[in-house]
Amino acid sequence: MSEGIIIKNLVKSFRKDVILDNVSLKIEPEKIYGLLGRNGAGKSTLMNIIADRKFSNSGSITLNGSTIHDNDENLSKVYLTSEIDVYPDKFKIKDLFHWVSDIYKDFNNDLCKKLSDEFKLNLNSKFGNLSTGYNSIVKIIVALCVPADYIFLDEPILGLDAKNRDVFYNALIQTYSDRPRTFVISTHIIEEIANIISNVIVIKNSKILIDDSTENILASSYAVTGPASQVDEYTDGLNIVGSEALGKIKSNYIFGELNDKPIPDTVTISNIDLQKLFVNLTDKE
Amino acid sequence: MMHLKLKNYLIHSYINITFWVFFYFLLLFWILPIVLRIFTGNFSFGDVFTGISPDFITISLGISLIINTLFNNTNFRFAISNGISRKSYWKTRTLLLCGFVLIIEIVSFALMLIEKPYVFKSGNNFIPYNLYGDVSLYSYFHNPILNFFMAFLLSILLTLSSTFFFMALNNFYLMFTKKVRRILIFVIVALVFAIPFMIGFIIAYLQYVGGNNLIFSLGKFILSIFGINVVKQGLYFNPFLFAFDMLIVDLILATLSYKFNSKIQIYKD
Amino acid sequence: MKFNFNSAKPIFLQVAEQIEDAIFTGTFKEGSQIPSTTEISKNFQINPATVLKGMNILVDNKLLEKRRGRGTFVSVGAQSKIIKNRQENFYNDYIVNLVHEAKNLNIDEIQIINLIKRGYKA
């Protein structure tokens, strides 16, 4: 079985800014990852470096034990789609698909045709004339049809309306079922993919804050709600990542373990969804 | 042999450019003069045939080669984003461009042969003895066929050197971010104008100082590296040395273009 | 099937429970095929591996069986197995809480029995 992508001590800085600060990570095969973090946290840079589009200052990235950089075999297993346009503007979409499938011998032409129909993509339009939404759609289609094992999608739903986002999620689930492989998706609209992703990576302040399964994360996130003073007393010493108040009722959001203190009757402990958790986790600087 | 996955795409790209260059060339230098002649009333039917020249082919091919070497960004991005390493891309591209150069040289020499009227006149020699006139530069051998092939080889090496030069230049340019690139363009354009000026200045100075032995000897020495020996009247030229030097230059430039290529990162537009 | 994504219960467990409920109520009849993991995941936009994990719990408990190339089917006798299981757990699942709540409201044993009788008559 393949080992996955192993990232060790990755450092990337640009002039005086440190974009990635000693990042170490393992991206396992056949899992769907959500890559979360504020704008400018370093998500795009990380994905670009893994896909060998940009270079790091130091650190190593290997796939199945050998480096990805300048390695044709490994590079054909990794695919990245991002806001940067890599196709000539004058290309018609059908030509674009033709050339990509010419390079990738096992490009899924059937799925490509099926998705083009589902998204109502006009194959004769020129790439440079596409709207933001259809620009994203073309990139999504290619990403789902290439025979790579690690697909990185950098904000794939930019400009997509609700219906097309649905088409995308369903297509993602279907193709993942048909041929399990790793997807790493960075997005800000967390609630829509919260249940599709099996693992979460959070980048904050150029470092990896969280790298775990959604199951584990949800199991360690709680909302402690009740009268403010009792809530504060109960949650004293716990990892409070945020709070909300409505009048005298307060909710403290906890990420991590609870304690052994007895829970007052007026205080309830419930769970919070991924969206709320991440908004609070990535909020403070 | 390596994968050459991008071969079809690049060939398509190069042929596409060549076609359009040729098309616009024909439009500009054949169709347009005819149209103008029609409008000014000077048109005669024979103009259709005299307006076209075999040079059109060689020049279009040459321009297409320059465009394909200088404008590489889109192809590079396309390759890198579709799982092709920088190394493979450079190898495929260089191989194809060398093939392109070979084709250009064959076409231009073939056209030259066809054009020269006295090819068919002289009895036994089917290759014109005076292919390059009396310039002793290319009459190193007594055998005209050897001269011809030497000229062909040297032409290839020279064209390759400009090709590699442009490739290295383009790859160097692509190594930098958008802001730096703008500065680079400015510097390069300035140099393109400045260098001939500087060379002209140096030559004028040399002619002025004329008998100064040190500078003259230095100049003679530099030229001799390239196999060009200065004698009392004219130049005596050793093509083997020249070919060897050009080969070295080609290898150096090709290596530079490879090194620069391996350092290109993909930035936002 | 319905999921509560905010619940403390992991989704794969909810998948298992929902399918079990459907078998219990007869919505998924014995011997019939249940929706594939892909169908369920697409319907609720859940990770297929999670759905599979939930299904496998029921497969391990012999309530579902996988037939290669054909899909997943409800095992014969699954419904009665579930009923028997729930009967055994009835005391813990319902009675304990009922008594606890009744004590909180000062409802004594005789009153509870009367309430239960009333419930059966309705």
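## Close-up views of a predicted model

**Figure 1. A look into the second largest pocket.** Pro88(A), Lys90(A), Ser13(B), Asn16(B) and Ile17(B) are the residues nearest the centre of the second largest pocket, out of 21 that line it. Keep in mind while you browse that this is a predicted model. The volume of this second largest pocket comes to about 610 Å³. Which helix gives the largest share of its lining? That's helix 1 of chain B, with seven residues. At least two lining residues each come from helix 3 (93–103) of chain A and from helix 1 (7–40), helix 3 (55–70) and helix 4 (73–81) of chain B. Sort the lining of the second largest pocket by residue type and you get nine nonpolar, eight polar and four charged.

**Figure 2. Now for the largest pocket.** Here the volume is about 890 Å³. The largest pocket has 31 lining residues, and closest to its centre sit Ile19(A), Thr45(A), Lys54(A), Tyr267(B) and Lys268(B). Strand 1 (5–14) and helix 1 (43–50) of chain A each chip in at least two lining residues, and so does helix 7 (178–209) of chain B. Helix 1 of chain A gives the largest share of this lining, four residues. How do the lining residues of the largest pocket divide into nonpolar, polar and charged? There are seven nonpolar, 13 polar and 11 charged.

**Figure 3. Two transmembrane stretches of chain B.** According to UniProt (an unreviewed entry), chain B has the feature "transmembrane region" at several places, including residues 56–73 and 145–171. Zoom in on residues 56–73 of chain B and you'll find 89% helix and 0% strand. The end C-alpha atoms of that stretch are 27 Å apart. Residues 145–171 of chain B are 100% helix, again with 0% strand. From one end C-alpha atom to the other, residues 145–171 cover 39 Å.

**Figure 4. Where chain C meets chain A.** Chain C brings 16 residues to this contact, and chain A brings 17 residues. Between them, chain C and chain A bury an area of about 1,400 Å². Carbon and sulfur atoms give 48% of that buried area.

**Figure 5. A salt bridge between chain C and chain A.** How many salt bridges are counted between these two chains? Just one salt bridge. The partners are Lys53(C) and Glu215(A), and their closest N and O atoms are 3.3 Å apart.

Terms used: Residues are numbered from 1 along each chain as its sequence is written. Chains are lettered from A and ligands numbered from 1 in the order in which they are written. This is a predicted model: local features need pLDDT of at least 70, side-chain atom pairs count only at pLDDT 80 or more; totals for chains, interfaces and linings use all residues. Side-chain values use heavy atoms; hydrogens and water are left out. On a 1 Å grid over the protein atoms alone, a cavity is a set of points where a 1.4 Å probe fits but cannot get out, and a pocket is an open set with protein on both sides within 12 Å along at least five of seven lines; lining residues have an atom within 4 Å of a point. Grid points are joined across faces, edges and corners, and a volume is the space filled by probe spheres set on the points. Ala, Val, Leu, Ile, Met, Phe, Trp, Tyr, Cys and Pro count as nonpolar, Asp, Glu, Lys and Arg as charged, and the others, Gly among them, as polar. UniProt positions are given in the numbering used here, feature names are shortened, and annotations may be inferred rather than shown by experiment. Contact means heavy atoms within 4.5 Å. Buried area is the accessible area (1.4 Å probe) that two parts lose on being put together, summed over both. A salt bridge is a side-chain nitrogen of Lys or Arg within 4 Å of a carboxyl oxygen of Asp or Glu.
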